[in-house]
Amino acid sequence: MRSFHCLCGSLAFFENTQCLSCSKELGWCPVCQNLTSLVAVADKAGHYRCGNAECGSLLVKCHNYAVESVCNRCCAVPDSPEKPPEFCDYCRFNDTVPDLTVPGNRENWRRLEVAKRRLLYTLDLLQLPYGRQEDGVDPPLTFDFKADTTHKPKWWWSMGREERVYTGHAGGKITINVREADTVEREKARVLFQEAHRTVIGHFRHEIAHYYWQMLIEDVAEAEFLKVFGDHKNPGYTEAQTRYYKDGPVPNWETRFVSAYATMHPWEDFAETFATYLDMVSVLDTATHMKVAESCDPTTATLPDMLVRYISLGVVLNEMNRAMGLTDLVPEIFGAPIAAKLQYVHDLVRASKRPTSVAE
Ligand SMILES: [Zn+2]
Ligand SMILES: [Zn+2]
Ligand SMILES: [Zn+2]
Ligand SMILES: [Zn+2]
C-alpha cells in the first residue's frame, strides 16, 4: 500500500478520512487515484475539489462516506448534466449491508469496508478482472454483508425463524458474516480452529480466490489445476468436508499446505494459497512504498524473487511481532510443494491481467 499526503504536507494513510495534523477532510479521488485533501466548493454544497494540484477534479463523497461514515471514497462529477453516481467504484459492489438498527452492526460494517477496500486495491494493483453484471463480467462480483438473525415469533403459537449466515462464495457473490468483524468473536474462532491468523482481510482474500476459480479455471483450465492441486471431483467437496471435520488435517501438513484448512479439498487449498499470494503482494507492495530495503515490486518481479524477499522480510517482521507479543506476521513455511502452488497462482494472475484498469 502506498501512503499519501495532505495539502498541509502531513502523511496520510489509505483508511483516513481526516488529516491528523490539520483536520482537513480526506477522500479517495478516482480520477488521479490518490487519497487527497477535499477542498469544499464554496457555492456548491456537497461538492469538493481534489486537493492534488495536478488533478483538481470536481468530486462528491460516496453515499457510504457522506451518510453512513463507512467509506472514504469520492465519485467524479461528470462534465455532462448527468448526476454523479451515488456509490463509489468500490461500494457499487455491495448488494446487502447489515441492519443498521442493530447495535454494533455499523461499526462491524465499517471494519468490513476497510478490508474490502484493501482487497479491491490489491486486485487493481494486479490488474485482475472483476465487475458487476452491467460491466459484462462473468461471474458478476457482489458482496452481501449480513448478520445472523432471530426473527421473534409474531404470535405465541408460531415458531421463531433463525437465519444463519455462512461466510462464503457462490456464483460471484461473496457473503461475509458481520460477526467476523467482531474482534472477540473472531479471536475465539481463531483459537478454536487453531489458525495462525484469522483476519477480516484474510476472509476477503480467501473468498475472492473462489471467485477467480470460477472465472479463470472452472471448465476452461481444470486439467492444469488438477496437476498442481489434485482432483477436485474425487472426493467431492461434501465428502471431503465431512472427513475434515471428523478426522482433522492430514499429519505434517505444514510442508505441503499453507494452512490446516487447505488440506480439506483442492478448492480450499487453492483459496488458501491464493490468499497467501495476496498477503505477499500486499506486504511487498507496502515495503516497496515504505522504501524498506530488500523488497521488490510485486507487479513485475518473478515468483522466486518475491518469495526470497518475502521470506527475508518475514524473518524480521516475525521477530518484531514477537518483540511485541503478537502472533507471527508470516507464519507459513515456504517449501518446494508450496512454492509450486504459489507459482501456479502467480502465472494465473499474470496471464489474467485485464487490458486496461477500471479507472482508465
Ligand atoms: Zn493536513
Ligand atoms: Zn484527483
Ligand atoms: Zn464508497
Ligand atoms: Zn473457502
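In the predicted model, strand β3 and strand β4 (residues 34–40) are paired in the antiparallel sense over 4 bridges, and within this pairing Gly27 has Thr36 of β4 as its bridge partner. The two strands belong to an open sheet of 5 strands, ordered β3-β4-β5-β6-β7, in which the pairing is antiparallel. The edges of this sheet are formed by β3 (26–29) and β7, each of which pairs on one side only, and neighbouring strands are turned against each other by 50° on average when direction is ignored.

Further along the sheet, strand β5 (residues 47–50) pairs with β6 in the antiparallel sense, again through bridges, of which there are 3; Arg49 has Leu58 of β6 as its bridge partner. On its other pairing, β6 is joined by 3 bridges to strand β7 (residues 74–76), the two running antiparallel, with Val60 standing opposite Cys75 of β7. The side chains of strand β6 (residues 58–61) are divided between two directions, Leu58 and Val60 pointing one way and Leu59 and Lys61 the other, and all of these residues, Lys61 included, are buried.

A further open sheet consists of 4 strands in the order β8-β9-β13-β12, and its pairing is mixed. Because β8 (94–96) and β12 (168–170) stand at the edges with a single partner strand each, one side of each is left without a neighbour in the sheet. Here the average turn between neighbouring strands, direction ignored, is 25°. Within this sheet, strand β9 (residues 142–146) and strand β13 (residues 173–177) run parallel and are joined by 5 bridges, and Asp144 stands opposite Thr175 in β13. Helices are packed on these strands: helix α2 (residues 105–125) lies across β8, β9 and β13 and runs at about 155° to β9, whereas α4 touches β9, β12 and β13, its direction making about 20° with that of β12.

The largest nonpolar core comprises 85 residues, and those with the most contacts inside it are Ile208, Tyr212, Phe270, Phe274 and Tyr277. Helix α4 gives the most to this core, contributing 11 residues, and at least three residues are drawn from each of domain 1 (4–89) and domain 2 (90–208). When its neighbours within four places in sequence are left aside, Ile208 is in contact with Leu119, Leu123, Leu141, Ile174, Phe274 and Leu278. A second core, separate from the largest one, contains 6 residues, among them Tyr244, Phe257, Ala260 and Ala262.

The zinc ion (ligand 4) has as its protein donors His206 and His210, each through NE2, together with Glu268 through OE, at distances of 2.0 to 2.1 Å. Along the chain, these donors follow the spacing H-x3-H-x57-E. Since His206 lies in helix α4 (residues 200–217) and Glu268 in helix α7 (residues 266–289), the pair ties together parts that are 62 residues apart in sequence. Both of these residues, His206 and Glu268, are buried. Helix α4 thus appears in several of the arrangements described: His206 lies in this helix, the helix packs on the sheet through β9, β12 and β13, and it gives the most residues to the largest nonpolar core.

Key. Residues numbered from 1 in each chain as written. Chains lettered and ligands numbered in written order. Predicted model: local features only at pLDDT ≥ 70, side-chain atom pairs only at ≥ 80, totals over all residues. Heavy atoms only, no water. Buried < 20%, exposed > 50% of the residue type's maximum accessible area, 1.4 Å probe, protein only. Pairing = 2+ DSSP bridges. Donors = N, O, S within 2.8 Å, 3.2 Å for Na, K, Ca; no water. Axes fitted to C-alpha atoms, helices over the stretch in contact; angles between N-to-C directions. Core = buried A, V, L, I, M, F, W, Y, C linked by side-chain atoms within 4.5 Å. Domains from an automatic or database assignment. Contact = heavy atoms within 4.5 Å.
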